[in-house]
Amino acid sequence: MSDNQQQQQEPTRAQAEIILSRRMFYAGCLGLPWLWICNVLYFRQYLKSLNNNDDTVSNNNYNRTAEEKSEIEKWVKRSTIGSMIVVSVFLAWIITFQVNKENFGSAWFVMDMTEEESSGW
């Protein structure tokens, strides 16, 4: 196998980052929304440099094409939106539960000894 064929098979660093950001987004959609936050945090320096239009801010912006930059930005922005929605819903649930915890009743907190057999534990 020649060097040229090996280079075609191995993805570049930019392509690997695109794959990583896309996989983290889809994993977040499958029920692991904390991966969206990880995705945003992992690429935060990259996004910061895009907003400043400065490619010298970090070493993450080496020789990327405009298409590769927009692809990473697309997946990270989607992760940002998804994580903001999930965090908002989670905070709304916490606030609702804390404000109205008397209305939920004790069954939400502790199981009675009489319910032990129905639980299966």
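These legends walk through several close-up views of one predicted model.

**View 1. The whole chain is built from helices.** Start with the overall picture: the chain has 7 helices and 0 strands. Following the sequence from one end to the other gives the pattern α-α-α-α-α-α-α. Of the 121 residues in the chain, 23% are buried. The surface that the chain exposes comes to about 9200 Å², with carbon and sulfur atoms supplying 57% of that area. As for how the chain meets itself, take the contacts with a separation of 6 or more: 53% of them are between residues 24 or more positions apart.

**View 2. Six residues make up the largest nonpolar core.** Zoom in on I18, F43, Y46, L47, I72 and V76, which together form this core. Two elements give two or more residues to it, namely helix 4 (44–51) and helix 5 (66–99). As a bit of background, nonpolar side chains in soluble globular proteins tend to be buried together. V76 is a handy residue to look out from: setting aside residues up to four places away in sequence, V76 touches S21, N39, V40, F43 and L47. Two of those partners, F43 and L47, are listed in the core as well.

**View 3. A serine sits buried in helix 5.** Stay with helix 5, and find S79 there. With a relative accessibility of 0%, S79 counts as buried. What does S79 touch, leaving aside its neighbours within four places in sequence? The contacts are F25, W36, N39 and V40. N39 and V40 may ring a bell, as V76 touches them too.

**View 4. F25 and W75 bring their rings together.** Aromatic pairs turn up 6 times in the whole structure. In this one, the rings of F25 and W75 are 5.4 Å apart, centre to centre, with 50° between the planes, and the pair is tilted. F25 comes from helix 2 and W75 from helix 5, so the pair links distant parts of the chain, 50 residues apart. Both residues are tucked away: F25 is buried at 12% relative accessibility, and W75 is buried with a relative accessible area of 4%. Widen the view a little and ring pairs join F25, Y26, W36 and W75 into a cluster. F25 and W36 have already appeared in this tour, as contacts of S79.

**View 5. A leucine of helix 3 meets residues from earlier in the chain.** Here the focus is L35, found in helix 3 (residues 34–42). Is L35 buried or exposed? L35 counts as buried, at 15% relative accessibility. Beyond its neighbours within four places in sequence, L35 is in contact with M24, A27 and G28. For a sense of spacing, the C-alpha atoms of L35 and R23 are separated by 9.5 Å, and these two residues are 12 apart along the chain.

**View 6. R13 and E17 form a salt bridge in helix 2.** The whole structure has 3 salt bridges, and this view shows the one between the side chains of R13 and E17, at 3.6 Å from N to O. Why can these two pair up along the helix? They are 4 residues apart in helix 2 (residues 13–29), so about one helical turn separates them. The partners differ in exposure: R13 is partly exposed, with a relative accessible area of 47%, whereas E17 counts as buried at 8%.

**View 7. Helix 5 carries two more salt bridges.** E71 pairs with K74, and their closest N and O atoms are 3.4 Å apart. These two residues are 3 apart in helix 5, about one helical turn. K74 counts as partly exposed, at 33% relative accessibility. In the other bridge the side chains of K77 and E73 meet, at 3.2 Å from N to O. K77 and E73 both lie in helix 5 as well, 4 residues apart, about one turn of the helix. Both are partly exposed, K77 with a relative accessible area of 47% and E73 at 22%.

**View 8. Two cysteines, and no disulfide.** To round off, look at C29 and C38. C29 is partly exposed, with a relative accessible area of 46%, and C38 is partly exposed too, at 31%. A disulfide is a covalent bond between the sulfur atoms of two cysteines. The count of disulfides in this structure comes to 0.

Methods. Residues numbered from 1 in each chain as written. Predicted model: local features only at pLDDT ≥ 70, side-chain atom pairs only at ≥ 80, totals over all residues. Heavy atoms only, no water. Buried < 20%, exposed > 50% of the residue type's maximum accessible area, 1.4 Å probe, protein only. Contact = heavy atoms within 4.5 Å. Areas by Shrake-Rupley, 256 points an atom, 1.4 Å probe, with all protein chains shown as cover. Core = buried A, V, L, I, M, F, W, Y, C linked by side-chain atoms within 4.5 Å. Salt bridge = Lys/Arg side-chain N within 4 Å of Asp/Glu carboxyl O. Disulfide = S-S within 2.5 Å. Phe/Tyr/Trp six-rings, centres within 6.5 Å; stacked < 30°, edge-to-face > 60°.
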